[in-house]
Amino acid sequence: MSEEKRGLGVSAEGGVPALGRAARLRDTLVFGAVALAWLALDTLTKGYFNGSFAVGEVAGGPFLGLVRFRLVHNTGAAWGMFGDSTFLLGVVSIAVCLVLVAYLFFLSPRPGMLEVVGVALVVAGGLGNAFDRFTLGYVVDFIEPVFIDFPVFNVADIGVTCGFVLFVAGMILAYRRADREAAALAEGSGGPQAPGDGGEGPGER
C-alpha cells in the first residue's frame, strides 16, 4: 500500500512522510469531537453542583471510601497556590491551549491519535477552567478524594491530567516510530535490493 493510500504524502524536503489531507481532516474531527464532548461534560457537572448546593456542602459520598462530592470555589491553583490570581491563571490556561493546538496542527508532521486525543482533553479542561475564572471569578470544584490529602478537583482537571499523560505517551511513541523508520530507510539505501525482498519491481512503479 502506498503512502498516499494511507493518507500520507511526502514533504517538499523529499522522503519525509507528511500528514495528508484525509488524515488531517480525521485528526481535526476527532480533536473537535473529544474537546467539545469533554467541555460539555465539564460545563454540565459544574453547573449542576454550583446551582444545587452551597459552598462547602457535601453533595454525596464517600463512594467506596475513595471520593465524595463537596462544592468548593477555588480562586487559585491546586493546594491553594496563587490564591486570588484567578484572572492570570485563566490567561495562562488559554496560552497553553493555543501553544498545544499550534504544535498539533502546524508543527507536528504526523501526530498520532494519542497526541490528538491528549491535546483535545487538555484544551477542553483548560478552556473549561478558564471560562470559570473569567465569568465567575473562581473555578467550581466538587470531586474530593477522602483516602489521601489531595485538592478538590473537577472534570476539567481530569481532562488536563489524563490528556497530558496521553500527549506525552504519544510523543514518545512518535519519536520511536520515527527512529525505526529512519533506521529502516538507512538500511534499505545501503545497497540494491535482492529479487523478492519486497521492493518494487518495474511493473509496480
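**A chat about a sheet and its surroundings**

Student: Which strands make up the open sheet, and in what order?

Tutor: In this predicted model, the open sheet has 3 strands in the order β3-β4-β5, and their pairing is antiparallel. The edge strands are β3, covering 58–63, and β5, covering 139–145, and each of these pairs on one side only. On average, neighbouring strands of this sheet are turned by 35° against each other, if direction is ignored.

Student: What holds strands of a sheet together, generally?

Tutor: Strands of a sheet pair through backbone hydrogen bonds, in either a parallel or an antiparallel way.

Student: And how many bridges join β3 to β4?

Tutor: There are 3 bridges between β3 and β4, the latter being residues 67–74, and these two strands run antiparallel. If you want a pair to look for, G60 has F69 in β4 as its bridge partner.

Student: Okay, which helix lies across those strands?

Tutor: That is helix α1, residues 21–52, which lies across β3, β4 and β5 and runs at about 90° to β5.

Student: Switching topic: is T86 buried or exposed?

Tutor: T86, which is found in helix α2 (residues 86–107), counts as buried because its relative accessibility is 13%, and the cut-off for buried is under 20%.

Student: What does T86 touch?

Tutor: Leaving aside residues up to four places away in sequence, T86 touches T75, R133, G137 and Y138.

Student: Last one, how many helices and strands are in the chain?

Tutor: The chain has 4 helices and 5 strands, and along the sequence they follow the pattern β-β-α-β-β-α-α-β-α. Of the 205 residues in the chain, 34% are buried.

Definitions and conventions:
Residues numbered from 1 in each chain as written. Predicted model: local features only at pLDDT ≥ 70, side-chain atom pairs only at ≥ 80, totals over all residues. Heavy atoms only, no water. Pairing = 2+ DSSP bridges. Axes fitted to C-alpha atoms, helices over the stretch in contact; angles between N-to-C directions. Contact = heavy atoms within 4.5 Å. Buried < 20%, exposed > 50% of the residue type's maximum accessible area, 1.4 Å probe, protein only.
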